[in-house]
Structures are given as C-alpha cells and as structure tokens.
Amino acid sequence: MTVVTPSVTVLGQGSASATPDLMRVTVTVEVRRPDVAGAFARAGVAARAVSAALRDAGVADADLSTTGLGVQADTVWQENHGQKVVGYLASSTLSVTLRDLSDPGRVIADCVAAGGDDVRLGGLDLGLADQSDLLARAREAAYADARAKAEQYARLSGRALGAVLEVTETPDAPGPRPMLRAMAAPASDASMPVERGESTVAASVRVCWALA
C-alpha cells in the first residue's frame with residue numbers, strides 16, 4: 001500500500017532592482033552623393049570621426065563594433081520614365097557600449113558633433129553588465145514569498161512545515177525589464193539628458209514542503 005506524504009506546493013515570486021550600469025547605443029552614418037566613390041569615401045570620413053570621438057571619451061575598442069556597412073542607389077520615380085538613379089547612399093552602423101554613465105549625454109553629443117549632419121542615432125538600451133547578484137536577490141525574494149504562503153497554508157490546515165521535498169525554478173518569470181524612476185544623468189547645455197531608470201530582474205519558484 002502506497003503511503004502518501006501530506007505536502008503543500010506553492011509558487012513564489014520575487015524581484016530585485018538596480019540602476020543600470022551600461023548603455024548600448026546604435027550610431028549610423030548616412031551619406032548621399034552623386035557617385036558611389038564619393039558617398040563611400042565621405043561615409044568613411046564621418047565614421048572614423050565618430051569612432052575617434054568615442055575613443056577620446058574613453059570608450060574601449062572592445063565596446064565599438066561595426067554592425068552594418070552598405071552602399072545603394074538613391075532613386076526617385078519620374079512619370080513616364082520609371083525609377084531614375086539620382087545618387088548613391090553609403091552607410092555605416094556602429095554599435096557602442098558605454099560603461100561610464102556619469103555623463104552619457106555628453107558622450108553622445110560629442111559623437112554627433114564629430115559626424116555632423118551625416119549621423120543618425122538608433123536604438124538605446126540600458127542594462128546591467130552583471131546580473132548574477134540581482135538574480136540571486138530575486139531568487140531569495142521568490143523563495144521567501146513561497147515559504148510565507150506555505151506557512152499560511154500549513155497553519156490553516158492545522159499542520160507545520162516539514163522538510164522541503166522539491167524546488168523548481170519556473171521558466172515563465174519575466175527577464176530584466178526597465179522600471180521608470182527619475183534619475184537623469186548630468187547634462188551640459190550641448191548634450192541630451194538621459195533617464196537611467198532601473199532594471200528589474202524577476203524570479204519565480206515552485207516549492208513543495210512536507211506537512212508535519
């Protein structure tokens with residue numbers, strides 16, 4: 001005869017937050033010229049100027065990565081003539097990771113000034129270089145939440161919590177997500193203020209306790 005051990009299984013959830021310590025920015029140089037060589041050459045000049053400005057601001061070579069490079073025809077539609085090539089568009093895209101966030105607006109402003117009218121700013125992503133400590137805190141909060149629920153259920157059923165029988169981290173917990181909080185990086189007159197906010201990591205755990 002199988003003896004069933006009385007138990008209680010609950011789902012605990014927890015989260016932990018921290019101020020982001022790195023920023024990823026996409027910088028694109030786009031140049032239109034009548035000829036391919038002219039467009040490509042000018043794009044190269046602007047791209048080198050942008051990279052130099054970022055290095056002067058302290059960005060390491062490992063945090064600069066060219067993620068796109070292209071040249072294409074620039075066309076317009078003309079009645080009775082169809083598509084007509086009026087020039088060429090050369091572009092270069094740079095992925096930048098900023099680890100010193102004391103004044104990211106100034107670094108971006110210097111980057112834009114170096115490339116001039118040829119610069120286009122793309123996505124901006126705030127995050128954490130190392131999430132392990134934050135995730136550990138979130139797990140601790142999730143386990144504490146699970147234990148509090150289990151203790152309540154045990155008390156309601158006239159029992160006490162025994163040994164832990166099973167612990168499973170559920171995969172449906174949301175990953176790091178931004179939470180808005182006013183924390184503007186210092187900004188000079190020429191730079192754009194950047195709101196750093198908070199990054200939050202969530203954890204979810206399923207725990208089964210024996211009931212004594």
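**Chat about a predicted model**

Trainee: What is the relative accessible area of R42?

Mentor: R42 comes out at 28%, so it counts as partly exposed. Buried means under 20% relative accessible area and exposed means over 50%, with partly exposed in between (1.4 Å probe, protein chains only).

Trainee: What kind of model is this?

Mentor: This is a predicted model, so local features need pLDDT of at least 70, side-chain atom pairs count only at pLDDT 80 or more, and totals for chains, interfaces and linings use all residues. Residues are numbered from 1 along each chain as its sequence is written, and side-chain values use heavy atoms, with hydrogens and water left out.

Trainee: Back to R42. Which residue does R42 form a salt bridge with?

Mentor: D118 is the partner, and the closest N and O atoms are 2.9 Å apart. The pair links distant parts of the chain, 76 residues apart. R42 sits in helix 1, while D118 is in the loop between helix 2 and strand 5 (119–127). A salt bridge here is a side-chain nitrogen of Lys or Arg within 4 Å of a carboxyl oxygen of Asp or Glu.

Trainee: And D118, buried or exposed?

Mentor: Buried, because its relative accessible area is 13%.

Trainee: How many salt bridges does the structure hold?

Mentor: There are 11. One of them joins D61 and R55, at 2.6 Å from N to O. D61 counts as exposed because its relative accessibility is 53%. R55 is at 41%, so it is partly exposed.

Trainee: Got another? Which side chain meets D110 in a salt bridge?

Mentor: R106, with N and O 2.8 Å apart. The two are four residues apart in helix 2, so about one helical turn separates them. D110 has 30% relative accessibility and is therefore partly exposed. R106 is partly exposed as well, at 29%.

Trainee: Let's zoom out. How many helices and strands does the chain have?

Mentor: Three helices and eight strands. From the N terminus on, they run β-β-α-β-β-α-β-α-β-β-β. They are DSSP runs, numbered from the N terminus: helices are H or I, at least four residues, and strands are E, at least two. The chain has 212 residues, and 33% of them are buried.

Trainee: What about empty space? How many cavities of 30 Å³ or more are there?

Mentor: One. The largest cavity holds about 40 Å³ of space. On a 1 Å grid over the protein atoms alone, a cavity is a set of points where a 1.4 Å probe fits but cannot get out. Points are joined across faces, edges and corners, and the volume is the space filled by probe spheres set on them.

Trainee: Which residues line the largest cavity?

Mentor: V25, V27, L54, V96, L98, V107, I108 and C111. Lining residues have an atom within 4 Å of a point. Strand 2 (22–33), strand 4 (82–98) and helix 2 (104–115) each supply at least two of them. Helix 2 gives the largest share, three residues.

Trainee: C111 is a cysteine. How many disulfides does the structure hold?

Mentor: Zero. A disulfide would need a pair of cysteine sulfur atoms within 2.5 Å. C111 is buried because its relative accessibility is 1%. C208 is at 11%, so it is buried too.

Trainee: Now the surface. Which residues make the nonpolar patch?

Mentor: V36, F40, L69 and V71, covering about 370 Å². Helix 1 (36–56) and strand 3 (64–78) each supply at least two of the patch residues. F40 lies in helix 1 and is partly exposed, because its relative accessible area is 45%. Patch residues have over 30% relative accessible area and no salt bridge; nonpolar side chains (Val, Leu, Ile, Met, Phe, Trp, Tyr) are joined within 5 Å, like charges within 9 Å. Areas come from the Shrake-Rupley method with a 1.4 Å probe, and for residues only the protein chains shown count as cover.

Trainee: Last one. Where is G158?

Mentor: In the loop between helix 3 (132–156) and strand 6 (161–169). G158 is exposed because its relative accessible area is 68%. Its C-alpha is 9.5 Å from that of A212, although the two are 54 residues apart in sequence.

Methods: On a 1 Å grid over the protein atoms alone, a cavity is a set of points where a 1.4 Å probe fits but cannot get out, and a pocket is an open set with protein on both sides within 12 Å along at least five of seven lines; lining residues have an atom within 4 Å of a point.
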